[in-house]
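Me: I would like to go through this model by question and answer. Pockets, cavities, cores and a few single residues are on the list.

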Amino acid sequence: MLATELLFVYIYCLVDDAIKAGVLLIPRRPGPAPACTDAELLAIALVRHLLGRRSESGFLAQIRRDWPHLFPHLPDQPEANRRTRWRWGAFEQLRAAWAAAVPADPVQQIDTSALPVRHPSRVRGPDGWTGPGNDLAARFGRDGAHAGWFCGFRLAIRTGLGRRTVRAWSIVPAAAGERQIGTGLVTGHAAAIDALLQDKGFTGRRFAAQMASAGIDVIIPPTRAQRQTMPKTPQRLIGRLRNRVETSCREITDQMELARHGAHTFEGLLTRTAAVLAAHTLLLTELGNAM
């Protein structure tokens, strides 16, 4: 990856160019223009997630210490956090623009990953972890990747099989059914998808029929019984391909620290999720071309 100072400059230029070209639309807020621009704050957030720095205050302190010449008007942490939350939609605009620059893979995958918001032992009743709508609230769910229960939400992503670029995403209830999630992430985009490679949680005749009616084939890894009579070569091929979406989930939740997001409200979680997914898309597209 680029040296950190060059990374700041490169990403700031990408964001600033997107604003000037009208690709990134940021509505003006009342009052005088802040000394630290929106492009600077967005660039700082993207670099922080690319580097996997969980602490926002710690990263801002490092910028003041090591790169004060790049951001001479850096606000304090509460103001930076507040302004970044106001601009969470800008991260999604950037992600969509960077992803659109890469041809969509006709074979795609859908998977989910846990987004814990508190330890299960500390849940004592209703809390403030509620998103828009009555059905989006922190609840208990099973985290298959870590073989345990968690309290929070799930991140659902649809990625291409080739470049692994996130094409669609959603924050869903912790106990949401995977087939329902899959239907939601495909709606409006079925024409660009020939097949979906899914895990066993998507097994079901109704889901397969819904996808077939949209012209999408559903490929499910073989069960233990099916593997007894299935040749080894296609088994290994399906396993390697399934690993690609699991790699994306590990990069997003573990390497970029989204699973340990540190947010205190749903709005904060939404902002961090949008920023991490934009940074991940940037890593696979623009930064991949620059390296």
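Me: Which class of residue is the most frequent in the lining of the second largest pocket: nonpolar, polar or charged?
Reply: This is a predicted model. The second largest pocket has a volume of about 410 Å³. Its lining has 2 polar, 7 charged and 8 nonpolar residues. The class asked for is nonpolar.

Me: Which element gives the most to the lining of the second largest pocket?
Reply: The lining holds 17 residues, and A33, P34, D38, R83 and R87 lie nearest the centre of the pocket. One element supplies 4 residues of this lining, the most given. That element is α4.

Me: How many cavities of 30 Å³ or more does the structure hold, and what volume has the largest?
Reply: The structure holds 2 cavities of 30 Å³ or more. For the largest cavity, the volume is about 150 Å³.

Me: Which element gives the most to the lining of the largest cavity?
Reply: Of the 15 lining residues, A45, R48, E56, A80 and T84 are the closest to the centre of the largest cavity. The elements with two or more residues in this lining are α2 (38–50), α3 (56–66), α4 (77–86) and α10 (266–284). With 5 residues, the top contributor is α2.

Me: How many charged residues are in the lining of the largest cavity?
Reply: Nonpolar residues number 7 in this lining. Polar residues number 4. The charged count is 4.

Me: Which elements each supply at least two residues of the lining of the second largest cavity?
Reply: About 60 Å³ of space lies in the second largest cavity. Its lining is R48, H49, R53, R54, M256, E257, L258, H261, R272 and V276. By class, these divide into 5 charged, 3 nonpolar and 2 polar. The elements that each supply at least two residues are α2 and α10.

Me: Where does E257 lie, and is E257 buried or exposed?
Reply: E257 is one of the residues lining the second largest cavity. Its phi is near 65°, a positive value in a residue other than glycine. E257 sits in the loop between α9 (232–255) and α10. Because its relative accessibility is 16%, under the 20% limit, E257 counts as buried.

Me: Where is R164, and is R164 buried or exposed?
Reply: R164 is not a glycine, yet its phi is positive, near 65°. R164 belongs to the loop between β3 (148–160) and β4 (166–173). Its relative accessibility is 12%, so R164 counts as buried.

Me: Which element gives the largest share of the largest nonpolar core?
Reply: In soluble globular proteins, nonpolar side chains tend to be buried together. Here the largest nonpolar core has 56 residues, and I11, L46, I63, F153 and W169 have the most contacts inside it. The largest share of this core is 10 residues, and these come from α10.

Me: With which residues is L46 in contact, leaving aside neighbours within four places in sequence?
Reply: L46 is among the residues with the most contacts inside the largest nonpolar core. Apart from that core lies another, of 14 residues, including I181, L185, V186 and I216. The contacts of L46 are I11, V15, F91, L94, W98, A275, A278 and A279.

Me: Which residues does D111 touch, not counting residues up to four places away in sequence?
Reply: D111 lies in strand β1 (residues 107–118). Its relative accessibility is 8%, so D111 counts as buried. D111 touches L155, A156, I157, D199, R242, V245, E246 and C249.

Me: What separates T229 from D111 in space, C-alpha to C-alpha?
Reply: T229 is in the loop between α8 (224–227) and α9. T229 counts as exposed because its relative accessibility is 71%. The two residues are 118 residues apart in sequence. In space, the C-alpha to C-alpha separation is 27 Å.

Me: How many disulfides does the structure hold?
Reply: A disulfide needs cysteine sulfur atoms within 2.5 Å. For C13, the nearest cysteine sulfur is that of C36, 15 Å away, and C13 is in no disulfide. The number of disulfides in the structure is 0.

Me: Is C151 buried or exposed?
Reply: C13 has a relative accessible area of 37%, so C13 is partly exposed. For C151, the relative accessible area is 2%. Therefore C151 is buried.

Terms used. Residues are numbered from 1 along each chain as its sequence is written. This is a predicted model: local features need pLDDT of at least 70, side-chain atom pairs count only at pLDDT 80 or more; totals for chains, interfaces and linings use all residues. Side-chain values use heavy atoms; hydrogens and water are left out. On a 1 Å grid over the protein atoms alone, a cavity is a set of points where a 1.4 Å probe fits but cannot get out, and a pocket is an open set with protein on both sides within 12 Å along at least five of seven lines; lining residues have an atom within 4 Å of a point. Grid points are joined across faces, edges and corners, and a volume is the space filled by probe spheres set on the points. Ala, Val, Leu, Ile, Met, Phe, Trp, Tyr, Cys and Pro count as nonpolar, Asp, Glu, Lys and Arg as charged, and the others, Gly among them, as polar. A nonpolar core is a set of buried Ala, Val, Leu, Ile, Met, Phe, Trp, Tyr and Cys residues joined through side-chain atoms within 4.5 Å. Buried means under 20% relative accessible area, exposed over 50%, partly exposed in between (1.4 Å probe, protein chains only). Contact means heavy atoms within 4.5 Å.
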